[in-house]
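Student: I am new to this structure and would like a close look at a single part of it. Please take me through that part slowly, in connected sentences.

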Amino acid sequence: ARLAYSAEQISVPVCSSLQVPALQLHVSKTAMRASQKDFESALSQVKLLKDPGNEVKLKLYALYKQATEGPCNTPKPGVFDLINKAKWDAWNALGSLPKETARQNYVDLVSGLSSSSDSSSQVKPEADRKQPGYETLVVTSEDSITKIMMNRPAKKNAMTTQMYNEIMLALKAASKDDSAITVLTGNGDYYSSGNDLSNFTDIPPEGIEEKAKSGAILLRDFVDCFIDFPKPLIAVVNGPAVGISVTILGLFDTVYASNRATFHTPFSHLGQSPEGCSSYTFPKIMGPAKAAEMLIFGKKLTAAEACAQGLVTEVFPDSTFQKEVWTRLKAYSKLPPNAMRISKQVIRNREKEKLHAINAEESRVLQERWLSDECTNAVMNFLTRKAKL
Ligand SMILES: CCCC/C=C/CC(=O)SCCNC(=O)CCNC(=O)[C@H](O)C(C)(C)COP(=O)(O)OP(=O)(O)OC[C@H]1O[C@@H](n2cnc3c(N)ncnc32)[C@H](O)[C@@H]1OP(=O)(O)O
């Protein structure tokens, strides 16, 4: 019955009944002087508030009636007269609360609503809402959404070692914050061009084997964070996506893409092999033949193709992408957070152990690939391509 009330259905009777001349208030003289002015000002203030929701409106209605007429004195409406019954119930629940107390409670409630609506209407610029401590990301939390935005637009959001570490930190923080959903997206024209190939040039004194080993540990830890992430995780793919930024999409709950986005995993071209659990999630999502074309032959998919194959949830025109996606996400973020988390667990939990084992195996294989001539030559080709031009 509660869900059947629209804000409009409730607000008309509640607000119209608030428009009662102050002289009709029967209160004691001392209390009148002290709080009638406050009460009257609360009555005016309430009309300026943003819709506070049906529950609060019922409270306001009940306190108003109690303050002006005393305890509930009308017959109980019939069971099918849902709105009037809810209003009657709210008023009747106040029992014999004195009029003065009801009036004071009304004033306090309106004052609380005014201050909270004042602070929520002050929209701070993104720079002020930005969480500190990240150099390669912009992390913000609002409207129950934590947004993790990769922020190396000049490098097409290529993922450096620092960015992998910061994404892990941001995901761990988001898993514990009070947001309902978490979003990964990219700043600029790319979602991400995948692993930053210059990661391969930073060889420690212990040698290339050590580099491959630490890379495999980093990769495994990074992908584990996605496997274990407890809340709904949404990718907002604002542009082309390459390599690991594509493969981990199989671990997201929802993937929204601009029609400018493409999906490309050129592992063989780079002498490498699949990661991000894609060797398991891609065949499961799109069937083994389509998965092989992407993961072995590096076929680049358009957003529409990726959607047809189940990797992408929905594609939006680039011109309205941000507006449409964020409107939808804001609506989703208002759903009960525990229910969403539990639904995600029910959907994902039985696969977790398997995914961790697959991640470990893919990381082990890649560690060897990174030491191969095929990989070294491909990376050198990319890093020296401009010099050759
Ligand atoms: C430890 C975990 C390891 C996990 C392993 C994951 C595997 C993968 O992710 S494989 C995929 C690796 N990525 C690529 O192969 C993409 C390489 N980049 C490109 O092919 C092109 O840059 C592009 C097609 C993405 C964009 O081409 P476009 O001509 O439009 O722009 P550029 O001038 O090339 O790029 C601008 C700028 O950004 C640099 N850059 C872009 N992507 C990368 C990258 N992945 N690694 C390093 N640097 C990248 C590019 O060099 C340019 O830099 P400069 O302006 O300084 O020249």
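Student: In which sense do E5 and strand E7 (residues 262-264) pair, and over how many bridges? Please also describe strand E4 (residues 233-237) and its surroundings.

Tutor: Keeping in mind that this is a predicted model, we can begin with your question: E5 and strand E7 (residues 262-264) pair in the parallel sense, and they do so over two bridges. Within this pairing, valine 242 stands opposite histidine 264 in E7. The two strands belong to an open sheet of three strands, ordered E5-E7-E8, whose pairing is mixed. Its edge strands are strand E5 (241-242) and strand E8 (301-302), each of which pairs on one side only.

Turning to E4, five of the five residues of this strand (residues 233-237) are buried, so E4 is largely enclosed by the rest of the structure. In a regular strand the side chains alternate between the two faces of the sheet. In E4 both faces are covered, since Leu233, Ala235 and Val237 on one side are buried, and Ile234 and Val236 on the other are buried too.

E4 also has strand partners. Strand E3 (residues 181-186) runs parallel to E4 and is joined to it by four bridges, with leucine 184 having alanine 235 in E4 as its bridge partner. E3, helix H8 (residues 208-228) and E4 together make a right-handed β-α-β unit. Four bridges likewise join E4 to strand E6 (residues 254-258), again running parallel, and here valine 236 has tyrosine 256 in E6 as its bridge partner.

Conventions:
Residues numbered from 1 in each chain as written. Predicted model: local features only at pLDDT ≥ 70, side-chain atom pairs only at ≥ 80, totals over all residues. Buried ≥ 20, exposed ≤ 12 C-beta atoms within 10 Å, placed from the backbone. Pairing = 2+ DSSP bridges. Right-handed = clockwise from strand over helix to strand, strands pointing away.
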